[in-house]
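User: I would like a close look at a single part of this model. Please pick one stretch, go through it residue by residue, and then set it against the rest of the chain.

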Amino acid sequence: MAADLNPDWLSCLPSSWSYGVTRDGRVFFINEEAKSTTWLHPVTGEAVITGHRKTPDLPTGWEEGYTFEGARCFIKYACRGTQ
């Protein structure tokens, strides 16, 4: 599930920029003037952290996530149950 969109980074977008959200919850930024997009915030230069997602197509214990650069990755959590 994606994290809530933070109004702080929205309010500091330059006037020619907007943002979009992909179907899987990743936030990207749109430069209307240059007709280009980026995963990195145009002011901070950082990717917006949108959290991890559990998807039905992943095995139990795995979640989908994204690096600070916006690259997709998969995380496996150790079992903490008892036998």
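Analyst: One term comes up early: a contact means heavy atoms within 4.5 Å. Bear in mind that this is a predicted model. The part to look at is strand S2, with the residues around it.

Start with Ser16. It sits in the loop between helix H1 (7-11) and strand S1 (17-21). Setting aside neighbours within four places in sequence, Ser16 contacts Ile30, Asn31, Glu32 and Glu33. Ser16 has a relative accessible area of 17%. The cut-off for buried is under 20%, so Ser16 counts as buried.

Now S2 itself. The strand spans residues 27-31. In a regular strand, side chains alternate between the two faces of the sheet. S2 has a covered face made of Val27, Phe29 and Asn31. Its uncovered face carries Phe28 and Ile30.

S2 pairs with strands S1 and S3. S1 and S2 run antiparallel, joined by five bridges. Within that pairing, Phe29 in S2 is the bridge partner of Tyr19. S2 and S3 also run antiparallel, with three bridges between them. Here Asn31 stands opposite Ser36 of S3. So Asn31 belongs to the covered face of S2, faces Ser36 across the pairing, and touches Ser16.

The turn from S2 to S3 deserves a stop. Four residues lie between the two strands of this hairpin. Lys35 is found in that loop. Most residues other than glycine have a negative phi. Lys35 is not a glycine, yet its phi is positive, at about 55°. Lys35 is also exposed, with 71% relative accessible area.

Follow the chain past S3 (36-38) and you meet His41. It lies in the loop between S3 and strand S4 (62-66). His41 is buried, at 3% relative accessibility. Not counting residues up to four places away in sequence, its contacts are Trp9, Cys12, Leu13, Phe29 and Glu46. Phe29 links this back to S2: it is on the covered face of the strand, and His41 is in contact with it.

Cys12, another contact of His41, is partly exposed, at 34% relative accessible area. Cys73 is partly exposed too, at 24%. Could there be a covalent link somewhere? A disulfide requires a pair of cysteine sulfur atoms within 2.5 Å. By this rule the count is zero.

Further on, Glu64 is in S4. Its relative accessible area is 3%, so Glu64 is buried. Glu64 and Ile75 are eleven residues apart in sequence, with 6.3 Å between their C-alpha atoms.

Now the whole chain. The protein has one helix and five strands, in the order α-β-β-β-β-β from the N terminus. Of its 83 residues, 24% are buried. Among contacts with a separation of 6 or more, 23% join residues 24 or more positions apart. The accessible surface is about 6200 Å², and carbon and sulfur atoms account for 55% of it.

Last, confidence. The mean pLDDT is 74, and 65% of residues reach 70 or more. Confidence is highest in S3, with a mean of 93, and lowest in H1, with a mean of 72. S3 is the strand that closes the hairpin with S2.

Terms used: Residues numbered from 1 in each chain as written. Predicted model: local features only at pLDDT ≥ 70, side-chain atom pairs only at ≥ 80, totals over all residues. Heavy atoms only, no water. Buried < 20%, exposed > 50% of the residue type's maximum accessible area, 1.4 Å probe, protein only. Areas by Shrake-Rupley, 256 points an atom, 1.4 Å probe, with all protein chains shown as cover. pLDDT = per-residue confidence, 0-100. Pairing = 2+ DSSP bridges.
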